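Thanks for coming. I will go through one structure today, starting from the inside and ending at the surface. Please have a look at it first.

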Amino acid sequence: MHVPDGFIAPQVFVPAYGLVIGLALYGFKRFKENLNEKSIPYLATLSAYAFVLSSLSLPLPGGTSVHGMGFAPLSILFGPWTAYLCMCLVLLLQAVLLGHGGITTYSVNALAIGFVGSFCAYGVYSLLTKRKYATFLSGFISTLASALFMSIVLGIHPYLFTDVDGKALYFPYPLSITIPLLLTSHIPVAFVEGLLTQAIVSFVRRRGLEG
């Protein structure tokens, strides 16, 4: 889902930057209030896990990609604001060091993967916390939620931004293509994401090092 430069209109990514920065400032305040020094090594390890998992991507038609995320364990164990900050850092490093996702599109990638994913993972887990498969479903559903958000952002571009001949100026495929393509391609990824989330959260809790 790392969207490269050129696919998102400035009318979208510029205000998205403002939103990402505002959310990051508020998230950092919450992070400082809830910081537990004992949990820092686990936080760093899970951030590295998210970096590696979301770097292993397969290309999709149209220029985007499918890959794991890694935000669900961070969100469940350390809270959605901490997970959002970690994913913003992960995505920034991937854009600058690896060329995964563009600089102009960083804001939209951060909202889709960092914000929507982290808060959906936390919300699903909170709602189903007493259910046996709450952790698995948190990873599974939040991965699909991120994909759905990105498919909508991409899919509205051909309707909103065209030249005088009606040709798309940025991402060319409409919602009828982006939603089924991104959702179906992420179903197996979401399944694996759910299994990994369940295994990681169980392991960390057995060690008693939850943030």
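When I say that two residues are in contact, I mean that they have heavy atoms within 4.5 Å. Keep in mind that this is a predicted model.

Let me begin with Met150. Leaving out neighbours within four places in sequence, Met150 is in contact with Met1, Val3, Val108, Asn109, Ala112 and Leu182. Met150 also belongs to the largest nonpolar core, which has 47 residues. Which members of that core touch the most other members? They are Leu74, Met150 and Leu154. Two or more residues of this core come from each of helix H1 (10-33), helix H2 (40-55), helix H3 (71-78), H4, helix H5 (106-127), helix H6 (134-155) and helix H8 (175-206).

Staying with helix H6, that is where Ser146 is found. Is Ser146 buried or exposed? Its relative accessible area is 0%, so Ser146 is buried. Not counting residues up to four places away in sequence, Ser146 touches Met1, Met69, Phe71, Ala112, Ile113, Val116 and Gly117. Met1 and Ala112 appear among the contacts of Met150 and also among those of Ser146.

Next is H1. This helix has 24 residues, which at 1.5 Å a residue should span 34 Å, and its end C-alpha atoms are 35 Å apart, so the two values agree. Its buried residues are Phe13, Ala16, Val20, Leu23 and Gly27. What do they pack against? The buried residues of H1 pack against H4 and H5. As background, an α-helix has 3.6 residues a turn, so residues three or four places apart point the same way.

Gly22 is in H1 too. With a relative accessible area of 38%, Gly22 is partly exposed, because that value lies between the 20% limit for buried and the 50% limit for exposed. From Gly22 to Pro158 there are 136 residues in sequence, and the C-alpha atoms are 28 Å apart in space.

That leaves H4. It has 19 residues and reaches 25 Å from its first C-alpha to its last, close to the 27 Å expected. Leu98 is found in this helix, which covers residues 80-98. Leu98 has 43% relative accessibility, so it counts as partly exposed. After H4 comes Gly99, with a positive phi near 75°.

Finally, the surface. Leu98 is one of the residues in a nonpolar surface patch of about 640 Å². The others in that patch are Leu89, Leu92, Leu93, Val96, Leu97 and Ile103.

Technical notes: Residues are numbered from 1 along each chain as its sequence is written. This is a predicted model: local features need pLDDT of at least 70, side-chain atom pairs count only at pLDDT 80 or more; totals for chains, interfaces and linings use all residues. Side-chain values use heavy atoms; hydrogens and water are left out. Patches are made of residues with over 30% relative accessible area and no salt bridge: like charges are joined within 9 Å, nonpolar side chains (Val, Leu, Ile, Met, Phe, Trp, Tyr) within 5 Å. Accessible areas come from the Shrake-Rupley method with a 1.4 Å probe; for residues, only the protein chains shown count as cover. A salt bridge is a side-chain nitrogen of Lys or Arg within 4 Å of a carboxyl oxygen of Asp or Glu. Helices (H or I, at least four residues) and strands (E, at least two) are DSSP runs, numbered from the N terminus. Buried means under 20% relative accessible area, exposed over 50%, partly exposed in between (1.4 Å probe, protein chains only). A nonpolar core is a set of buried Ala, Val, Leu, Ile, Met, Phe, Trp, Tyr and Cys residues joined through side-chain atoms within 4.5 Å. The expected span of a helix is 1.5 Å times one less than its number of residues.
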